[in-house]
Amino acid sequence: MKKLGIVRFLGTNCDRDISQVASEFKIPYEYLWYQDLFNVSDYLAIVLPGGFSYGDYLRTGALSARAKVMESVSEAAKKGVPVLGICNGFQILCEADLLPGVLLRNQNLKFIDQWENLEVSGSKTPWLEKYSKGEKLKLPIAHGDGRYYATDEIIKELQDNSQIALTYSNNPNGSSYDIAGVTNRSGNVLGLMPHPERALYGWMGHDFGRGFFEWL
Amino acid sequence: MKVAIKVLPRREVLDTQGRAVQSSLVESGFEVSSCTIGKYIVLDIDAENFSKAQGKVKEIAEHVLYNPLIETYELEEIK
């Protein structure tokens, strides 16, 4: 049976939260070590969790993006396997050119840790198939480098190809066009700064995040 | 031999760190109209001289040391 692959870099710290999600939905999972390649056909989806991989040294996500495991992640992405990058995972996917754009230091230079109101934008990704276009949800963010940036040309492409997946209703970090998450052209790769795995149960505050994983 | 790579943010990207430092300097009484902060990276590699080193160092710079979307870089000889 295919498993959920959870990538671990040095400094990744949200990996076990993802394994909790997998257990919640009875999905078998396996941790994927940053120095090793993996057999893409063994996995039903790959998650790059949040954290501070490589201490955010040089640029956030930059060193992780060049780690050995990313050759397999890239192969998975190209073969249409669903790939999800959360927070640091989103930063890594951008640095690895598996998603367009880059995440910069928050505009107010502060680490922001709070619930955000978000809107689903109508991209074509399996990760959001449980949500409808225009649907509003709340997910928590916890990041210092969450300001999404891309050139005007890239933003136009994202708009034309419905690659903008989620936007902030009250932009907390200066992200271009209030972008909180984007997909690749084919939609199987999604990166977002908010943490859906931290909105799984009512006792966490809200459970809007369940849909991100329920479909698996 | 040692070679330096200077990485600077592109002018069109908001450099929040530079802006914060500039504000702080102005508050401390210095007249500074702008501040941009980059990185100075020194590599020790195997090469006979600076011009022979450039090809290798460019490849390294382009592999990871700078992100072309938001930064530019220059090589510098260390004498």
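This report describes one strand of chain A and then the interface between chain A and chain B. The model is predicted.

**Strand β3 of chain A**

Strand β3 of chain A covers residues 43-48, and 5 of its 6 residues are buried. The strand has pairing partners in chain A, listed in the table.

| Strand paired with β3(A) | Sense | Bridges | Residue paired with A:Val47 |
|---|---|---|---|
| β1(A), residues 3-8 | parallel | 4 bridges | A:Ile6 |
| β4(A), residues 83-86 | parallel | 3 bridges | A:Leu84 |

A:Val47 therefore links to both neighbours: A:Ile6 stands opposite this residue, and A:Leu84 is its bridge partner in β4(A).

**The interface of chain A and chain B**

Between the two chains, 17 residues of chain A are in contact with 17 residues of chain B. The area buried there is about 1,300 Å², and carbon and sulfur atoms give 63% of that area. On the side of chain A, the residues that lose the most area to chain B are A:Leu58, A:Arg59 and A:Arg66, which together account for 39% of what that side buries.

Which residues form the salt bridge across the interface? The side chain of A:Arg59 meets that of B:Glu71, at 3.7 Å from N to O. The rule finds 1 salt bridge between these chains. There are also 7 residue pairs in polar contact, counting pairs with both residues at pLDDT 80 or more.

Three elements of chain A each give two or more residues to the side that touches chain B: α2 (62-65), β5 (102-104) and β8 (147-149). By type, the residues on that side divide into 8 nonpolar, 4 polar and 5 charged.

Note on methods
Residues are numbered from 1 along each chain as its sequence is written. Chains are lettered from A and ligands numbered from 1 in the order in which they are written. This is a predicted model: local features need pLDDT of at least 70, side-chain atom pairs count only at pLDDT 80 or more; totals for chains, interfaces and linings use all residues. Side-chain values use heavy atoms; hydrogens and water are left out. Buried means under 20% relative accessible area, exposed over 50%, partly exposed in between (1.4 Å probe, protein chains only). Two strands pair if DSSP finds at least two bridges between them. Contact means heavy atoms within 4.5 Å. Buried area is the accessible area (1.4 Å probe) that two parts lose on being put together, summed over both. A salt bridge is a side-chain nitrogen of Lys or Arg within 4 Å of a carboxyl oxygen of Asp or Glu. A polar contact is a pair of N or O atoms within 3.5 Å; within protein, one must be able to donate a hydrogen and the other to accept it, and residues adjacent in sequence count only if both atoms are side-chain atoms. Ala, Val, Leu, Ile, Met, Phe, Trp, Tyr, Cys and Pro count as nonpolar, Asp, Glu, Lys and Arg as charged, and the others, Gly among them, as polar.
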